[in-house]
Amino acid sequence: MTSPEIATLSWGLMKVKGCSSSYKDCKVWPGGSRAWDWRETGTDILKSVPLRNVMVSSQHYPGVQPADLEEVMKKGIELLVIGRGMSEALQVPSSTLDFVKQQGIEVRVLPTQKAVAEYNKLAVQGAKVGGVFHSTC
């Protein structure tokens, strides 16, 4: 199975090739995709966090958790791309990155526009790639 390309990305909207649904945030893997709600794993706590050297209030804390990634990681991927949002507001703790690497999976964390471009490049090349993408802040 191949990883589906992300056909469209704009603020708050993602579409995956071959899928009739559209997503705000999504998970993709070889052969599939679904909506991603990072609040399911507890990322919705209001906290002041640094964003581009300025402290701002964010509901993107504590950030991407291992539980957010497990579903995609179980799909036989060798590389995982994480999109932190258009302004990189969604945090990715080092403990989450360590968890992914301990499973033998390479991980790349980028602003979502760059993350989608990287993911699509790898998908077209036939890589066993998965991704989780936040399409707003």
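**Reading a predicted fold, feature by feature**

Biologist: Let me start with the hairpin of strand 4 and strand 5: which residue takes a positive phi there, and how many residues sit between the strands?

Modeller: Gly-31 takes the positive phi, near 90°, and 2 residues lie between the two strands of this hairpin. Please keep in mind that we are looking at a predicted model.

Biologist: Thanks! In what sense do strand 4 and strand 5 pair, and over how many bridges?

Modeller: The pairing is antiparallel: strand 4 (residues 25–29) meets strand 5 (residues 32–35) over 4 bridges. To follow the register, look across the ladder. Trp-29 faces Gly-32 of strand 5, and Val-28 has Ser-33 opposite.

Biologist: Now the wider sheet. What is the strand order in the open sheet of 5 strands?

Modeller: Reading across, the order is 5-4-10-8-9, and the pairing is mixed. Strand 5 and strand 9 (106–110) are the edges, since each of them pairs on one side only. If you ignore direction, neighbouring strands in this sheet are turned by 10° against each other on average.

Biologist: And the whole chain: how many helices and strands does it have?

Modeller: There are 3 helices and 10 strands. Along the sequence they come as β-β-β-β-β-β-β-α-β-α-β-α-β. Of the 137 residues in the chain, 45% are buried.

Biologist: How do I read the packing of two helices? At what angle do helix 1 and helix 2 pack?

Modeller: Look at the angle, then the distance, then the handedness. Helix 1 (residues 66–73) and helix 2 pack at about 25°, and their axes are 10 Å apart. Angles under 35 degrees count as roughly parallel, so helix 1 is roughly parallel to helix 2. The crossing of helix 1 past helix 2 is right-handed.

Biologist: Let's move to a loop. What is the phi of Glu-88?

Modeller: Phi of Glu-88 is near 60°, a positive value in a residue other than glycine. You will find Glu-88 in the loop that joins strand 8 (79–83) to helix 2 (94–102). Is Glu-88 buried or partly exposed? Its relative accessible area is 27%, and the cut-off for buried is under 20%, so Glu-88 counts as partly exposed.

Biologist: What about aromatic side chains: how many aromatic pairs does the structure hold?

Modeller: It holds 1 aromatic pair. Tyr-119 and Phe-133 make up this pair, with 5.6 Å from centre to centre and 75° between the planes. Plane angles over 60 degrees count as edge-to-face, so that is the class of this pair. The pair links distant parts of the chain: Tyr-119 belongs to helix 3 (residues 112–124) and Phe-133 to strand 10 (residues 129–134), 14 residues apart.

Biologist: Are Tyr-119 and Phe-133 buried or exposed?

Modeller: Tyr-119 is buried, at 0% relative accessibility. Phe-133 is buried too, with a relative accessible area of 0%.

Biologist: Last topic, the cysteines. How many disulfides does a search of the whole structure find?

Modeller: First the general idea: a disulfide is a covalent bond joining the sulfur atoms of two cysteines. Here the search finds 0 disulfides.

Biologist: Why is Cys-19 without a bond to Cys-26?

Modeller: Distance answers that one. Cys-26 has the cysteine sulfur closest to that of Cys-19, yet the two are 8.8 Å apart, which is too far for a bond; the cut-off is 2.5 Å. As for accessibility, Cys-19 is partly exposed, at 26% relative accessible area. Cys-137 also counts as partly exposed, with 27% relative accessibility.

Terms used:
Residues numbered from 1 in each chain as written. Predicted model: local features only at pLDDT ≥ 70, side-chain atom pairs only at ≥ 80, totals over all residues. Heavy atoms only, no water. Buried < 20%, exposed > 50% of the residue type's maximum accessible area, 1.4 Å probe, protein only. Phe/Tyr/Trp six-rings, centres within 6.5 Å; stacked < 30°, edge-to-face > 60°. Pairing = 2+ DSSP bridges. Axes fitted to C-alpha atoms, helices over the stretch in contact; angles between N-to-C directions. Parallel < 35°, antiparallel > 145°, perpendicular 65-115°, else oblique. Left-handed = near helix turned anticlockwise from the far one by under 90°.
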